[in-house]
Amino acid sequence: MANAVLFITFRLAKGASVPDFLSAAETLNKEYISKLKGFISWKQLREGEVWADLLTFETMDDAKKIMEPGEPIPAAEKFYSFLDMEDMESCKTQLFSVEKSY
């Protein structure tokens with residue numbers, strides 16, 4: 001079965017500290033995301049003001065689980081506090097299956 005990639009774009013809130021945001025992301029990864037079934041990697045990308053998270057999972061089912069509602073996660077709440085919730089146009093989530101890797 002092919003790997004799955006979750007691709008999420010967003011902007012940080014005005015005045016958000018990039019080092020603090022990256023620290024919050026690292027904590028979220030350590031405490032929650034890296035422990036999810038099928039987790040392979042999480043890369044954070046940036047082009048100017050637009051950020052993208054690239055998360056790779058073993059299967060599509062594994063990737064879909066991260067988007068399911070569940071109990072509040074303090075590390076996730078901290079991470080999301082850095083995002084620009086007034087600019088939801090920049091926030092897009094796409095789920096891809098990996099058809100071929102080189």
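Select first the 27 residues that line the largest pocket; Tyr32, Ile66, Met67, Ala76 and Tyr80 lie nearest its centre. A pocket here is an open set of points on a 1 Å grid over the protein atoms alone, where a 1.4 Å probe fits, with protein on both sides within 12 Å along at least five of seven lines; lining residues have an atom within 4 Å of a point. The model is predicted: local features need pLDDT of at least 70 and side-chain atom pairs count only at pLDDT 80 or more, whereas totals for chains, interfaces and linings use all residues. Residues are numbered from 1 along each chain as its sequence is written, and side-chain values use heavy atoms, with hydrogens and water left out.

**The pocket**

The largest pocket has a volume of about 600 Å³, a volume being the space filled by probe spheres set on the points, which are joined across faces, edges and corners. Colour strand 1, strand 3 and helix 3 (74-80) next: these are the elements that give two or more residues to the lining. Helix 3 gives the most, with 4 residues. Helices (H or I, at least four residues) and strands (E, at least two) are DSSP runs, numbered from the N terminus.

**The sheet**

Display the strands alone. An open sheet of 4 strands appears in the order 2-3-1-4, with antiparallel pairing; two strands pair if DSSP finds at least two bridges between them. Strand 2 and strand 4 (92-97) are the edge strands, each pairing on one side only. From one strand to the next, the twist averages 15°. Add helix 1, which packs on the sheet and touches strand 1 (4-11), strand 2 and strand 3; its direction makes about 170° with that of strand 2. Such angles run from 0 to 180 degrees between N-to-C directions, with axes fitted as lines to C-alpha atoms, for helices over the stretch in contact. Contact means heavy atoms within 4.5 Å.

**The hairpin**

Zoom in on strand 2 and strand 3 (residues 50-57), which run antiparallel and are joined by 8 bridges. These two strands form a hairpin with 2 residues between them, and Gly48 in the turn has a positive phi of about 65°. Glu47 stands opposite Val50 in strand 3, and Arg46 stands opposite Trp51.

**Two buried threonines**

Select Thr56 in strand 3. Thr56 counts as buried, at 15% relative accessibility; buried means under 20% relative accessible area, exposed over 50% and partly exposed in between (1.4 Å probe, protein chains only). Beyond its neighbours within four places in sequence, Thr56 is in contact with Asn3, Ala4, Val5, Gly38, Phe39, Ile40 and Ser41.

Move to Thr9 in strand 1, which also counts as buried, at 15% relative accessibility. With neighbours within four places in sequence again left aside, its contacts are Val50, Trp51, Ala52, Ser90, Cys91 and Lys92.

**The salt bridge**

Finish with the side chains of Lys37 and Asp62, which meet in a salt bridge (3.2 Å, N to O). The pair links distant parts of the chain, 25 residues apart: Lys37 lies in the loop between helix 1 (18-31) and strand 2 (39-47), and Asp62 in helix 2 (residues 60-65). The structure holds 1 salt bridge, defined as a side-chain nitrogen of Lys or Arg within 4 Å of a carboxyl oxygen of Asp or Glu. Lys37 is exposed, with a relative accessible area of 59%, whereas Asp62 is buried at 3%.
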